[in-house]
Amino acid sequence: MIQALKQLETEARQEISALSEFEKLADLKIKYLGRKGLFVSVSSRISELTPEEKKFAGQEMNRVKKTLEALFESKEESLSKVPSTSSGIKTDITMPGTFSSSGNLHPLTQVTMEVVDIFERLGFSLVDGPEVETEHYNFEALNIPLNHPARDSFDTFYLDNGKLLRSQTSTVQIRVMEKVKPPLKIIAPGKVFRPDATDATHSFMFHQIEGLMVDEGVSFADLKGVLFAFAREFFGPKTRVRFCPHFFPFTEPSADIDIWSEKRNDWLEILGAGMVHPNVLKAVKIDSEKYTGFAFGMGVERLAMLKYGVEDIRHFFENDVRFLRQF
Ligand code: DAH
């Protein structure tokens, strides 16, 4: 009987280790350890033994039973970790899938990226500047002294510590020219802040993109060439562009640039620009006899509203996915 038990153990070991399908494990367990299984039938022969033999056989029975139980248990664990593919677990490929929405970039981000991309292709480098600024960068260095009437038109949020929230990205012109000497060509997108009452065309926070090019011999013709190229890339190759005389303290001469809208049958302003004022170059110690430059600034919300026909600036900031999903 001891012999038979040993043989049973060996066979069981082999069969268990050869088994690879989880679903067949239960049957195998019944074959060996079931109520009418091989273990029971071998063990029943204990009654044929002498009392001494019985003692030893009983111990062997216990050992073999425990061994087999442990083997089945560990096999069950290892098989349940393997994903079952070809057999058993059935996949119903006609069942509807799980929907996951992937989202998209905010329309203002998309417009900013598109504008930056156009200017990068024209050789401009992307730069950044702080949103909390000093009066020096927001005004003085841009040729807007304290008593200058133009200062009113850049209405400003002042902070307790004497600093302010920048009301224009033109600040970045100064920060760049302090550090980098010409030739330079930069494009600087970012947030600006003005204490305006919110309505369909005003928001206390909006976005601008500033551009600046300074080198020897830069002329108004260069400014026109670059901005015409931009307008046609952004709004389409047939876009009509016009320059209207305007005033900005930091450029001289200055212009407002309009594009023609067939839909509205009217000219629409898209940006301000001009030749960098000599006082601005002086403030950053660049020789205004040797170098000239042009600068421009545009509102991102305005570009997006014109491009996509959005009627109210507040849509961009309300985070209503029914609006945002359309872009
Ligand atoms: N900073 C001006 C504004 O906020 C926009 C602007 C106009 C920027 C002319 C310029 C420029 O660089 O040359 O209204």
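**The ligand site and the strands around it**

Let me begin with the shell around the ligand, to which strand S6 (205-215), strand S9 (266-276) and strand S10 (292-299) each supply at least two residues. Please keep in mind throughout that this is a predicted model.

In total, 16 residues surround the ligand, and the closest of them are Gln168, Ser170, Arg194, Gln208 and Glu210. If we sort the shell by class, we find six nonpolar residues, eight polar residues and two charged residues. The space that the ligand takes is the largest pocket.

Which atoms of Gln168, then, lie 2.8 Å from a nitrogen atom of the ligand, side-chain or backbone? For Gln168, the atom is a polar one of the side chain, and the distance to the ligand nitrogen is 2.8 Å. Gln173 likewise brings a polar side-chain atom to the ligand, here 3.1 Å from an oxygen atom, whereas Ala295 contributes a backbone N or O atom, which lies 3.1 Å from an oxygen atom of the ligand. As for cover, the ligand on its own has 350 Å² of accessible area, and the protein covers 92% of that.

Let me now turn to the sheet to which those three strands belong. S6, S10 and S9 stand in sequence within an open sheet of seven strands, whose full order is S1-S5-S6-S10-S9-S8-S7 and whose pairing is mixed. At the edges of this sheet we find strand S1 (125-126) and strand S7 (241-248), each of which pairs on one side only.

At the S7 edge, S7 runs antiparallel to strand S8 (residues 251-261), and the two are joined by seven bridges. These two strands form a hairpin, with two residues between them. To find your way along the pair, you can look for Phe248, which stands opposite Thr251 in S8, and then for Phe243, which stands opposite Ile257 in S8.

There is also an open sheet of three strands, in the order S2-S4-S3, in which the pairing is antiparallel. Strand S2 (132-133) and strand S3 (157-158) are its edge strands, and each has a single partner strand, so one side of each is left without a neighbour in the sheet. Between S2 and strand S4 (residues 164-165), which run antiparallel, there are two bridges, and here Glu133 stands opposite Leu164 in S4.

Finally, I would like to point out some details of the backbone. As a general background, most residues other than glycine have a negative phi, and most peptide bonds are trans. Where, against that background, is the peptide bond from Pro182 to Pro183 placed, and is it cis or trans? That bond is cis, with omega near 5 degrees, and Pro183 has its place in the loop between helix H7 (171-179) and strand S5 (184-193). The peptide bond from Glu252 to Pro253 is cis as well, with omega near -5 degrees, but the place of Pro253 is in strand S8, the strand that forms the hairpin with S7.

As for phi, Asn143 has a value near 65 degrees, which is positive in a residue other than glycine, and Asn143 lies in the loop between helix H6 (135-138) and S3. Asn265 also has a positive phi, near 55 degrees, and is found in the loop between S8 and S9. That loop leads us back to the ligand, given that S9 is one of the strands that supply at least two residues of the shell.

Note on methods: Residues are numbered from 1 along each chain as its sequence is written. This is a predicted model: local features need pLDDT of at least 70, side-chain atom pairs count only at pLDDT 80 or more; totals for chains, interfaces and linings use all residues. Side-chain values use heavy atoms; hydrogens and water are left out. A residue is near a molecule or strand if one of its heavy atoms lies within 4 Å of it. A polar contact is a pair of N or O atoms within 3.5 Å; within protein, one must be able to donate a hydrogen and the other to accept it, and residues adjacent in sequence count only if both atoms are side-chain atoms. Accessible areas come from the Shrake-Rupley method with a 1.4 Å probe; for residues, only the protein chains shown count as cover. On a 1 Å grid over the protein atoms alone, a cavity is a set of points where a 1.4 Å probe fits but cannot get out, and a pocket is an open set with protein on both sides within 12 Å along at least five of seven lines; lining residues have an atom within 4 Å of a point. A molecule sits in a cavity or pocket if more than half of its atoms lie within 2 Å of its grid points. Helices (H or I, at least four residues) and strands (E, at least two) are DSSP runs, numbered from the N terminus. Ala, Val, Leu, Ile, Met, Phe, Trp, Tyr, Cys and Pro count as nonpolar, Asp, Glu, Lys and Arg as charged, and the others, Gly among them, as polar. Two strands pair if DSSP finds at least two bridges between them.
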